[in-house]
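Let's take a walk through some charged side-chain pairs. Please keep the structure open as you read.

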Amino acid sequence: MATIKDVAKLAGVALSTASYALSGDSKVSAKTRTKVIEAARELNYRKNGIAMDLKRSHTKTIALILTDMSGPYYSELIHSVQEVALANGYDLIACSSMGGRDSTAVKFLREQRVDGAIVLAYNIHDEVLIEASSQGFPIIVMDREISSDYLVNVLVDGEQGGYTATRYLIDHGHRTLAYISGPANSYDNQLRYKGFLRAMAEAGLEEQSKWRLSGNFVREGGYSATKMLIMQGELPSAVFYGNDEMAVGGMKAFEESNIAVPSQVSIIGFDDIQLAEFQNPKLTTIRQPKSEAGSLAAHLLFQKLGGAEVNRDYKLTIEMVERNSVKSMT
C-alpha cells in the first residue's frame, strides 16, 4: 500500500512538499502540485494512507457545493437536490466554495466527509475534483466538462443559450449590442459569451469593447456595470446580461437614470429566475432547466452510489421566454 513517502519519492520532492501539495496549500506551485497529484494517482495513493483505503462507513449524507449560497438560482437548485436526497433517505449539506483551495467545501471533498457530492462551483479547480473522486466517492459536476473515470458532467447548453439570446436581439433589428458578463473564469460565462460572439459574427456585427463589462453574476454587479455603461454617454440599442440577477440590477440603474426599457434600450437576460416575470417591464430571458438539472444530478449521484453505470456527460436544452423588455426595431 502506497504511502505519502512513496508519492514524494516518485514526484522527486520533499515529504513536506508532497503533503502540502495534496492538501491544496497555496504555497506549492501549480507545476509541483500537478507532479505530486500525478504521482499519487499512479501509485493509487489516497490521503490519510491506510485509513482512507479501508472501507468507509456511510454517512447517509451528500454535499451540494456552490460558488455562492445566495440568490434565487441557487435556492431553486438546492430545493430540487434536497427533494431527491430526502426521497433516498439521505441528508443534504449545502456549502459555499468561497475561499477556493482553503474552503470548507474543498476539505469536504479531500477528506470525503460525505458519501458523494454535487459541485457547481467554478473556483474549485479540476485537479481537486479529479483527485477527490473515486469508485467509492462519486462526484457530479454541473456546468463544467471534466474528463475523468469517476466524474459525471451535467451541462446546460450555455453556448446555444448565448447565441439564441443574441440572435433574438438581432432578429428584432438591434445592431449595437452590449454584453454584461459574469466572472471571466466562470465556465457558464465563457459559453454564453461564446454564443454571443458567434451570433454577432454570423450577422456581420462587431463587438465594441467599451460595451463589454463585468457584473460578476450578481445584482449589484449588474447595477454597477450598467451605471458605467450609462456614464460612457453613448448607449447601445440592446444589452444582453449574462444572467437575470444582473439584468434586474441593470433595470434599476436605467430607471434611476430615466432611461426607459424597452423604448430607449432593450434588455435580455439568462436563467428565468422567478423574479424575471415580476419586473416592470417583465424580463425577456433564456430559461435553463434549473430544477431539472438539480434533480438529474442528484438522481445520477444516487445511481452511482448504488453501483450503477451511468454516462459521463448529460446536456440539457434551453428555452426562449419572450416577455416585454425587448423592443422590435424593424
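A good place to begin is Glu 234, which is partly exposed at a relative accessible area of 44% (partly exposed lies between buried, under 20%, and exposed, over 50%, with a 1.4 Å probe and protein chains only). Its side chain meets that of Lys 210 in a salt bridge, 2.7 Å from N to O; the term stands for a side-chain nitrogen of Lys or Arg within 4 Å of a carboxyl oxygen of Asp or Glu. The pair links distant parts of the chain, 24 residues apart: Lys 210 sits in the loop between α9 and β7 (212–214), and Glu 234 in the loop between α10 (219–231) and β8 (238–241). Helices (H or I, at least four residues) and strands (E, at least two) are DSSP runs, numbered from the N terminus. Lys 210 is partly exposed too, at 31%.

Before going on, a word on the model: it is predicted, so local features need pLDDT of at least 70 and side-chain atom pairs pLDDT 80 or more, while totals for chains, interfaces and linings use all residues. Residues are numbered from 1 along each chain as its sequence is written, and side-chain values use heavy atoms, leaving out hydrogens and water.

Now look at helix α9 (residues 187–202), where Arg 192 and Asp 188 lie four residues apart, about one turn. They form a salt bridge, with the closest N and O atoms 3.9 Å apart. Arg 192 is buried at 3%, and Asp 188 is buried at 17%.

Finally, Arg 287 forms a salt bridge with Glu 319 at 3.3 Å between the closest N and O atoms. Arg 287 lies in strand β10 (residues 284–287) and Glu 319 in strand β12 (residues 319–321), so the pair ties together parts 32 residues apart in sequence. Shared partners join Asp 272, Arg 287, Glu 319 and Arg 323 into one salt-bridge network.
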